[in-house]
Amino acid sequence: MLTQENALKFFRHNPALSIAGIEKEASLPSGTLRQAVAGNRKLNENHLVALEGVLMKYGYSKDLYQKARVVSVVNHKGGVGKTTTVSCLGEAMANKGFKVLMIDLDPQGNLSQILGIENPEVQVADSLINDAEFPVVEIQENLYLSPSDIDLAKAEYELILLTGGDLRLKNRIIPLLSEFDYVLIDCPPSLGKLTVSAMYASDACLVTMLPEMAAMKGVNTLLDKVHDVKKNLNPMLDIDGLVFTMVKKNSVHDNIKEAIRENLPIRIFKTEIKHLVDFQKAQVMLNTISKFSGTSEAAKLYADFCNEYIEYLQLVK
């Protein structure tokens, strides 16, 4: 039978649904569902039975959203907004009520550092190489991090030699998938063993791209690698799409964005992340973007992208 937790999760994933309309279809007392969605009321068994039949018409099933969607944020170019996207998108999702795990899979450890975690006692490398428990550190409500530092560089080399090196990340996070709604993996700026391991463990890739010529020239190499992993390791791997980052209002960026939209056979998200100094300021202060300035344009851009991304994923499902 439908549980209140699953009902609320369905509404979080489908924000366009009319709460009042669903309430009326299910013949629930006025205000009952709205209060439940706001966290101020518990639905009884009769409410849930009536609600389940209605939600099934809108795509609900008991198996939907029972495990996290794992997304590798990828680009083999450095400085194209992967880490910023993982931290800001993860926070935007958490602010909407989703439970999010961010995995720092870059030996530079930038994601861990900007979130205030340096020299972690237990890090991702310890789990991949030494079978330690996979580290999960709470950053704020609904938002968690699996930290890394330079030790991960040594682990990447060792994974090449170890039995099942490509499988280890996937195997370590499988027990966690039922605890989260989304897992976002911050991949290193390379197409080496760590990025391949991330793709093997993922349901999809999200590409971040700075609209400049150097990044444009390398994007086909990246897509070829994704397709190679899909063909030989993970047939379920998809590409959710590409988001432009660090965008400036000039003719160079405008022309490259137009060329990418016309020529790349993947989804290009409408929301564009502008080049804004608030992202750097937040990282210097070791704050997430909303904690640094929840009303800033920077925070709003990732909130908008989060909404667009979640809406797209419902079409996928």
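Which side chains meet in a salt bridge at 2.6 Å, N to O? The legends below, which describe close-up views of a predicted model, begin with that pair.

**View 1. A salt bridge between aspartate 131 and arginine 172.** The side chains of aspartate 131 and arginine 172 meet at 2.6 Å, N to O. Aspartate 131 lies in the loop between α7 (124-130) and β3 (137-140), whereas arginine 172 belongs to helix α9 (residues 168-173), so the pair ties together parts that are 41 residues apart in sequence. The two partners are placed in contrasting surroundings: aspartate 131 is exposed, with a relative accessible area of 56%, while arginine 172 is buried, with a relative accessible area of 17%. A search of the whole structure finds 13 salt bridges.

**View 2. The salt bridge of glutamate 272 with arginine 261.** Here the side chains of glutamate 272 and arginine 261 meet at 3.1 Å, N to O. This pair links distant parts of the chain, with glutamate 272 in the loop between α12 (251-263) and α13 and arginine 261 in helix α12, eleven residues apart. Glutamate 272 is partly exposed at a relative accessible area of 23%, and arginine 261 is likewise partly exposed, at 36%. Both residues belong to a network of salt bridges that also links Lys249, Asp254 and Lys257.

**View 3. A salt bridge within helix α15, formed by lysine 300 and aspartate 304.** The side chains of lysine 300 and aspartate 304 meet at 2.8 Å, N to O. Because lysine 300 and aspartate 304 are four residues apart in helix α15 (residues 297-316), about one helical turn separates them. Aspartate 304 is partly exposed, with a relative accessible area of 28%.

**View 4. Aromatic pairs that involve helix α15.** Ten aromatic pairs are found in a search of the whole structure. In one of these, phenylalanine 269 and tyrosine 312 are arranged edge-to-face, at 5.8 Å centre to centre and with 85° between the planes. The pair links distant parts of the chain, since phenylalanine 269 is in the loop between α12 and α13 and tyrosine 312 is in helix α15, 43 residues apart. Phenylalanine 269 is buried, with a relative accessible area of 0%, and tyrosine 312 is buried as well, with a value of 16%. The rings of phenylalanine 305 and tyrosine 309 have their centres 5.8 Å apart and their planes at 10°, so this pair is stacked. Phenylalanine 305 and tyrosine 309 are four residues apart in helix α15 and hence separated by about one helical turn, and both are buried.

**View 5. An aromatic cluster.** Phe10, Phe11, Tyr60 and Tyr65 together form one aromatic cluster.

**View 6. The largest pocket and its lining.** The largest pocket has a volume of about 380 Å³. Of the 24 residues that line the largest pocket, those closest to its centre are Gly79, Val80, Gly81, Lys82 and Thr84. Helices α5 (82-95), α6 (110-114) and α13 (277-284) each supply at least two residues of this lining, which by class consists of nine nonpolar, eleven polar and four charged residues.

**View 7. The surroundings of threonine 195 in helix α10.** Threonine 195 is placed in helix α10 (residues 193-201) and is buried, with a relative accessible area of 1%. When its neighbours within four places in sequence are left aside, threonine 195 is in contact with Val74, Cys187, Pro188 and Ser190.

Methods: Residues are numbered from 1 along each chain as its sequence is written. This is a predicted model: local features need pLDDT of at least 70, side-chain atom pairs count only at pLDDT 80 or more; totals for chains, interfaces and linings use all residues. Side-chain values use heavy atoms; hydrogens and water are left out. Buried means under 20% relative accessible area, exposed over 50%, partly exposed in between (1.4 Å probe, protein chains only). Contact means heavy atoms within 4.5 Å. On a 1 Å grid over the protein atoms alone, a cavity is a set of points where a 1.4 Å probe fits but cannot get out, and a pocket is an open set with protein on both sides within 12 Å along at least five of seven lines; lining residues have an atom within 4 Å of a point. Grid points are joined across faces, edges and corners, and a volume is the space filled by probe spheres set on the points. Ala, Val, Leu, Ile, Met, Phe, Trp, Tyr, Cys and Pro count as nonpolar, Asp, Glu, Lys and Arg as charged, and the others, Gly among them, as polar. A salt bridge is a side-chain nitrogen of Lys or Arg within 4 Å of a carboxyl oxygen of Asp or Glu. Rings of Phe, Tyr and Trp (its six-membered ring) pair if their centres lie within 6.5 Å; planes under 30 degrees apart count as stacked, over 60 as edge-to-face and the rest as tilted.
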